Amino acid sequence: MMARPLAVSYRPAHRRNATGRRIVPDMSDFTIVLGNKSYSSWSLRGWLPLKQTGAAFEEVVIPLDRPETKREILRHSPAGKVPILKTKTTAIWDSLAIVEFLHETLPKAGLWPRDPAARAHARAVVMEMHSGFATLRRRLPMDVCGSEPRRGQAAAKEPDLAADVARVVTIWTDCRARYGDSGDFLFGGWTAADAFFAPVVTRFVTYGVPLAGAAAAYRDAAMAWPALREWIAAAQAETWVVTYD
C-alpha cells in the first residue's frame, strides 16, 4: 500500500497590532513540506524556525525511503529534497535559505541574534553545521524514537566520528561561554543556531553520546524546549519505519 503524505495545519493564537485590532493569521501564507519527523534532520532544521516565528502554516509530511517518495517531493520542488517552504509566490528548498527568507520576511521573530558579532558567529556555526560533519551524519543518523547507547560509546573509538563529536562540543561550549548569559541556548535566547543543532542534540540522546559541563546542560535545555518536544511527540505517533544499515 502506498504511504500517503500527512497534512497538518498550525494556527497561532490571535494577536493584536499596535492599534488593538485583532490580527487573524492567514493559513495560506506558508506550507512546509517535510520528511518523516523521526528521521529527517533537515526537515527539523526548517520546521523549527518557522514554528518559532509564530506564523500560521500548514505542513505536509512525506514518508521517506518509499517507492513514491521522490515523486511526491517533486510535486513541490524540482530539487526533489525536503524541507520545502512554499508561499503564494515561491518555494524555498533548503533549510538555511528557509531561515534567511523567514528572517527577512518576519524580522521581529528574532531568528538571529541582534548583536552583530553574535549574529556573525551564529551564522558561522550554522554554516559549518550545514556543510560539514559528514561522519557524524553517516554513523549516527537521526532517529528521535530510537535508543542505541552502544553507538555513542563506540564513537570514542572511531577517530573521524570522535573528531566530529568533539567539534560539536567545542562549538556549544564556546557559544555558551561567549554569548549564553541571557538564557539557556547557544546565544542566550533561542536562535536559528539552535534549530540547526537540534538534530545533533537528538542524535546524542539516541546514541548515548556522553557529555559533561556546558554541553550536557545545553543538551538538556534543548531537549526541554517545547517546540522540539512537540516534534518528538509527532515523530512518536508516526507509523512509518526506515531501517538503517
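**Figure 1. A loop with a cis peptide bond, at P83.** In this predicted model, P83 sits in the loop that runs between α2 (69–74) and β6 (84–86). Look at the peptide bond leading from V82 to P83: it is cis, and its omega is near 5°. V82 turns up again in Figure 4, as one of the residues of a second, separate core.

**Figure 2. Two residues with a positive phi, D65 and F133.** Neither view shows a glycine, yet D65 has a positive phi of about 60°, and F133 has a positive phi of about 60° too. Where do we find D65? D65 is in the loop between β5 (57–62) and α2, while F133 is in the loop between α4 and α5 (134–139). Is D65 buried or exposed? With a relative accessible area of 59%, D65 is exposed, because the cut-off for that label is over 50%. F133, on the other hand, has a relative accessibility of 7% and so counts as buried, the limit being under 20%.

**Figure 3. The main core, zoomed in on F204.** The largest nonpolar core in the model takes in 63 residues, and L48, W172, F197 and F204 are the ones with the most contacts inside it. Which helix gives this core its largest share? That's helix α8 (residues 192–206), with nine residues. Now zoom in on F204: leaving out residues up to four places away in sequence, F204 touches L136, V165, V168, W172, V209 and L211.

**Figure 4. A second core, set apart from the main one.** This one is separate and has six residues, among them V33, I62, I73 and V82.

**Figure 5. R45, a buried arginine in helix α1.** R45 belongs to helix α1, which covers residues 41–53. Its relative accessible area is 0%, so R45 is buried. What does R45 touch, once its neighbours within four places in sequence are set aside? The list is S95, V99, M129, R137, A195, F196, P199, V200 and R203. It's also worth finding H130 in this view: R45 and H130 are 85 residues apart along the chain, but their C-alpha atoms are separated by 9.8 Å.

**Figure 6. Helices α4 and α7, side by side.** Here α4 (residues 116–131) meets α7 (residues 159–179), with axes that come within 12 Å and cross at roughly 170°. The two helices are therefore roughly antiparallel to each other. On the α4 side you'll see A117, A118, H121, V125 and E128, and they meet R167, I171, D174, C175, R178 and Y179 in α7. Sorted by class, this contact has six nonpolar, one polar and four charged residues.

**Figure 7. A stretch to read with care, residues 13–27.** Across residues 13–27, pLDDT stays under 50, and the model has 24 contacts beyond four places in sequence for them. Where pLDDT is low, the predicted coordinates should not be read in detail. As for the whole protein chain, the average pLDDT is 89, and 87% of the residues score at least 70.

**Figure 8. Stepping back to the whole chain.** The secondary structure of the protein chain comes to ten helices and seven strands. Of its 245 residues, 48% are buried. Take the contacts between residues at least 6 apart in sequence, and 70% of them join residues at least 24 apart.

Terms used: Residues are numbered from 1 along each chain as its sequence is written. This is a predicted model: local features need pLDDT of at least 70, side-chain atom pairs count only at pLDDT 80 or more; totals for chains, interfaces and linings use all residues. Side-chain values use heavy atoms; hydrogens and water are left out. A nonpolar core is a set of buried Ala, Val, Leu, Ile, Met, Phe, Trp, Tyr and Cys residues joined through side-chain atoms within 4.5 Å. Buried means under 20% relative accessible area, exposed over 50%, partly exposed in between (1.4 Å probe, protein chains only). Helices (H or I, at least four residues) and strands (E, at least two) are DSSP runs, numbered from the N terminus. Contact means heavy atoms within 4.5 Å. pLDDT is the predictor's confidence in each residue, from 0 to 100. Axes are lines fitted to C-alpha atoms, for helices over the stretch in contact, and angles run from 0 to 180 degrees between N-to-C directions. Angles under 35 degrees count as roughly parallel, over 145 as roughly antiparallel, 65 to 115 as roughly perpendicular and the rest as oblique. Ala, Val, Leu, Ile, Met, Phe, Trp, Tyr, Cys and Pro count as nonpolar, Asp, Glu, Lys and Arg as charged, and the others, Gly among them, as polar.
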